[in-house]
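Trainee: Could you take me through one part of this protein slowly? I would like a close look at its largest pocket and what surrounds the ligand.

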Amino acid sequence: TKSAIQATPVKTPALPDAQTVTSVQHWTDRLFSFRVSRPQSLRFRSGEFVMIGLMGDPDPKTGKQKPLLRAYSIASPAWDEELEFYSIKVQDGPLTSRLQHIQPGDQIILRPKPVGTLVHDALLPGKRIWFFATGTGFAPFASLLREPETYEKYDEVVITHTCREVAELEYGRKLIEELKQDELMIELIGAENLAKIRYYPTTTREESPKMGRITELLKDGSVFRDLGIETMNPETDRAMVCGSLGFNMDLKEVLESFGLREGANSDPKEYVVEKAFVG
Ligand code: A2P
């Protein structure tokens, strides 16, 4: 009846593609990670990114709100029930100035269209895989390090992470330490496979056991000496790169000097590159 229809409470319009925040962790005053519910239909390959964000402020003229979205690498592996993200906080950043305040139970927008080049399909078979990250560029590798395929495809997994300060390494350091002891991870990947991980953290602006830009440490051979690896060889070595534009460009040059060539989903070769989300 008419009255019954009128009695139906007016629903506040739900966000398009809304997902619910399940946990938030702050690592430094500039870095945080969070987990959200995963859309049932979302399939992705470990290493890919999606667009996420919040509803923007109403347009002063029309009052209409538009979603404010940015590309974020999914930091959780493809098999995980939830989705994890690792983000910078920029005080005047349109999105992250607000996103940094999310709490469990809040909603974010997540467009369920994963894409990206940091995927196993974009590389030719090899023996050793190198993951090169700076800053929040660690995120896609947080996914790939928890992906069984990484260990099925390679005998050795080297992850380098360069940050300005020691505290900025903590998300990655803790993730690697914990995944080696995690019962589910051991069951899924195998302790002997997890032992393939070689973690190589460096800082550039604060004292730490290993200092310097990874580009320089590759060029002067320190990385190879420290890890007991002879060199990088296009026959056996594969690489994935994720950092700032400048970092990606400089590291590409180093990789090309070892004879590695850039690949893509449609044309797999020896290395792939993607820009980390920055603001
Ligand atoms: P540096 O402190 O020498 O600039 P950022 O926060 O600027 O993205 O930098 C994150 C880390 O990546 C820093 O340790 C920084 O070193 C390093 N880095 C930035 N640009 C490059 C580059 N072009 N080549 C190698 N390392 C870089």
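Mentor: Happy to; we will go through the largest pocket, then the ligand, and end with the second largest pocket. Keep in mind as you look that this is a predicted model.

Let's start with the space itself. The largest pocket holds about 690 Å³. Its lining is made up of 25 residues, and those closest to the centre are T134, G135, T162, R164 and S244. Try finding these five on your screen before reading on.

Next, look at which elements build the wall. Strand 5 (82-88), strand 8 (156-163), helix 8 (214-219) and helix 10 (245-257) each give two or more residues to the lining. Helix 10 provides the largest share, three residues. If you sort the lining by class, you get nine nonpolar, 10 polar and six charged residues.

Where does this pocket sit in the chain's overall layout? Domain 1 (18-115) and domain 2 (120-275) both give residues to its lining, so the largest pocket lies between them.

Now turn to the ligand. The residues around the ligand are T134, T162, C163, R164, T204, R205, R213, T215, G246, F247 and D250. You have already met T134, T162 and R164 among the residues closest to the centre of the largest pocket.

Three contacts are good ones to trace by eye. In R164, a polar side-chain atom lies 2.9 Å from an oxygen atom of the ligand. R213 also uses its side chain: one of its N or O atoms there is 2.8 Å from a ligand oxygen atom. With G246 the backbone takes part, placing an N or O atom 3.3 Å from a nitrogen atom of the ligand. As for cover, the ligand taken alone exposes 550 Å², and the protein buries 79% of that.

Finally, let's visit the second largest pocket, which has about 430 Å³ of space. It is lined by 20 residues, and R35, E84, R146, L175 and E178 lie nearest its centre. Strand 1 (18-28), strand 2 (31-37), helix 5 (170-181) and helix 6 (183-189) each contribute two or more residues to this lining. Helix 5 gives the most, with five residues. By class, the lining of the second largest pocket divides into 10 nonpolar, three polar and seven charged residues. Domain 1 and domain 2 each supply at least three residues to this lining.

Note on methods:
Residues numbered from 1 in each chain as written. Predicted model: local features only at pLDDT ≥ 70, side-chain atom pairs only at ≥ 80, totals over all residues. Heavy atoms only, no water. 1 Å grid on protein atoms, 1.4 Å probe; cavity = no way out; pocket = protein on both sides within 12 Å on 5 of 7 lines; lining within 4 Å. Points joined across faces, edges and corners; volume = space filled by probe spheres on them. Helix = DSSP H or I, 4+ residues; strand = E, 2+ residues; numbered from the N terminus. Nonpolar A, V, L, I, M, F, W, Y, C, P; charged D, E, K, R; others polar. Domains from an automatic or database assignment. Near = heavy atom within 4 Å. Polar contact = N/O pair within 3.5 Å; in protein donor to acceptor, adjacent residues only side chain to side chain. Areas by Shrake-Rupley, 256 points an atom, 1.4 Å probe, with all protein chains shown as cover.
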